[in-house]
Every structure is written in C-alpha cells, then in structure tokens.
Amino acid sequence: MPQFWLDLPYENMENPINTTCPITLRPFQSNDVVYRIKHCRHLFLRNELDNWFLENTKCPVCRYDIREYRHQRTHHESTRSHVQNEED
C-alpha cells in the first residue's frame, strides 16, 4: 500500500486545515510532529492517528478510506504544479 500520509513538524505547516487534533481535541503545539493524510489534508497527532488506524481504515474527520489511496495528484497539487509551470 502506498504511504497515504506525511509526517511533518507542525511548526512547518503552511495554512493547516485544522489547528487541533480531531481525535484528542488538543490544540497542536509548534513542536508536535503531526501526520497529514495526503488525500484530505487533515492533521493529527502522530501517536493518536497510529492508534486510530489499528482498528479503523477511514479518516476520523471526513471518513476517507485510506485503502483507496493511490498516488494521484490532488486538486491542490495540480493547481500548484500548473502555476509553477506558467511561472517557468
């Protein structure tokens, strides 16, 4: 299965889609390492999402099924790539 998340320091996130962990409801701290699900871009504390996926296969927020993830460009990636190509 392709890797469906990114492992990132929260302080490096630009325009995060959420500022609290939806599982714990705790606000992210700048030194937290978070997982971002690539498809929907929801953020979670790393350990909490690891535990969640021991028994679940869907994003806790939008219910996206991670088993369906294929490395495809998201709309965001496609738009960014298009803009970069125009700037070149």
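# A tour from histidine 42

Select histidine 42 and show its surroundings: leaving out residues up to four places away in sequence, histidine 42 touches Ile17, Asn18, Tyr35, Arg36, Ile37, Cys59, Val61 and Cys62. The model on the screen is a predicted one. Histidine 42 sits in the loop between strand 2 and strand 3. Is histidine 42 buried or exposed? Its relative accessibility is 12%, and it counts as buried.

**The whole chain**

Now zoom out and colour by secondary structure. The protein has two helices and three strands, and along the sequence they follow the pattern β-β-β-α-α. Of the 88 residues in the protein, 28% are buried. Among contacts with a separation of 6 or more, 41% are between residues 24 or more positions apart.

**The hairpin**

Select strand 2 (33-37) and strand 3 (residues 43-45). The two strands pair in the antiparallel sense, over three bridges. To see one pairing, pick tyrosine 35, whose bridge partner in strand 3 is phenylalanine 44. Strand 2 is largely enclosed by the rest of the structure, because four of its five residues are buried.

Strand 2 and strand 3 form a hairpin, with five residues between them. Go to the turn and select arginine 41, which lies in the loop between strand 2 and strand 3. What is notable about the phi of arginine 41? It is positive, about 70 degrees, although arginine 41 is not a glycine. Most residues other than glycine have a negative phi. Arginine 41 is partly exposed, at a relative accessible area of 24%.

A second residue of this kind is found further along the chain. Arginine 63 also has a positive phi of about 70 degrees and is not a glycine. Arginine 63 lies in the loop between helix 1 and helix 2 (75-87). With 45% relative accessibility, arginine 63 counts as partly exposed.

**The aromatic pair**

Select tyrosine 10 and phenylalanine 28. How many aromatic pairs does the structure hold? It holds one. The rings of tyrosine 10 and phenylalanine 28 are tilted, with 4.9 Å from centre to centre and 35 degrees between the planes. Tyrosine 10 and phenylalanine 28 both lie in the loop between strand 1 (5-9) and strand 2, so the pair ties together parts that are 18 residues apart in sequence.

Tyrosine 10 is buried, with a relative accessible area of 14%, and phenylalanine 28 is buried at 7%. Show what surrounds tyrosine 10: not counting residues up to four places away in sequence, tyrosine 10 touches Pro16, Asn18, Thr19, Phe28, Gln29, Ser30, Asp32, Val34 and Leu43.

**The nonpolar core**

Next, which residues have the most contacts inside the largest nonpolar core? They are Tyr10, Phe28, Ile37, Leu43, Phe44, Leu49 and Cys59, in a core of 17 residues. Strand 2, strand 3 and helix 1 (46-55) are the elements that give two or more residues to this core.

**The salt bridges**

Switch to the charged side chains. Side chains of opposite charge can pair when their charged atoms come close. The structure holds two salt bridges.

- Select arginine 26 and aspartate 32: their side chains meet in a salt bridge at 3.2 Å, N to O. Arginine 26 is partly exposed, at 32% relative accessibility, while aspartate 32 is buried, at 11%.
- Select arginine 67 and aspartate 65: their side chains meet in a salt bridge at 2.6 Å, N to O. Arginine 67 is partly exposed, with a relative accessible area of 47%, while aspartate 65 counts as buried, at 9% relative accessibility.

**The cysteines**

Finish with cysteine 59, one of the core residues named above. Cysteine 59 is buried, with a relative accessible area of 0%. How many disulfides does a search of the whole structure find? It finds zero. A disulfide is a covalent bond between the sulfur atoms of two cysteines.

Why does cysteine 59 have no such bond? The closest cysteine sulfur to that of cysteine 59 is in cysteine 62, and at 3.8 Å it is too far for a bond; the cut-off is 2.5 Å. For cysteine 62, the closest cysteine sulfur is in cysteine 40, 3.8 Å away, also too far for a bond. Cysteine 62 is partly exposed, with a relative accessible area of 38%. Cys59 and Cys62 are both among the residues that histidine 42 touches, which brings the tour back to its starting point.

Methods
Residues are numbered from 1 along each chain as its sequence is written. This is a predicted model: local features need pLDDT of at least 70, side-chain atom pairs count only at pLDDT 80 or more; totals for chains, interfaces and linings use all residues. Side-chain values use heavy atoms; hydrogens and water are left out. Rings of Phe, Tyr and Trp (its six-membered ring) pair if their centres lie within 6.5 Å; planes under 30 degrees apart count as stacked, over 60 as edge-to-face and the rest as tilted. Buried means under 20% relative accessible area, exposed over 50%, partly exposed in between (1.4 Å probe, protein chains only). Two strands pair if DSSP finds at least two bridges between them. A nonpolar core is a set of buried Ala, Val, Leu, Ile, Met, Phe, Trp, Tyr and Cys residues joined through side-chain atoms within 4.5 Å. Contact means heavy atoms within 4.5 Å. A salt bridge is a side-chain nitrogen of Lys or Arg within 4 Å of a carboxyl oxygen of Asp or Glu.
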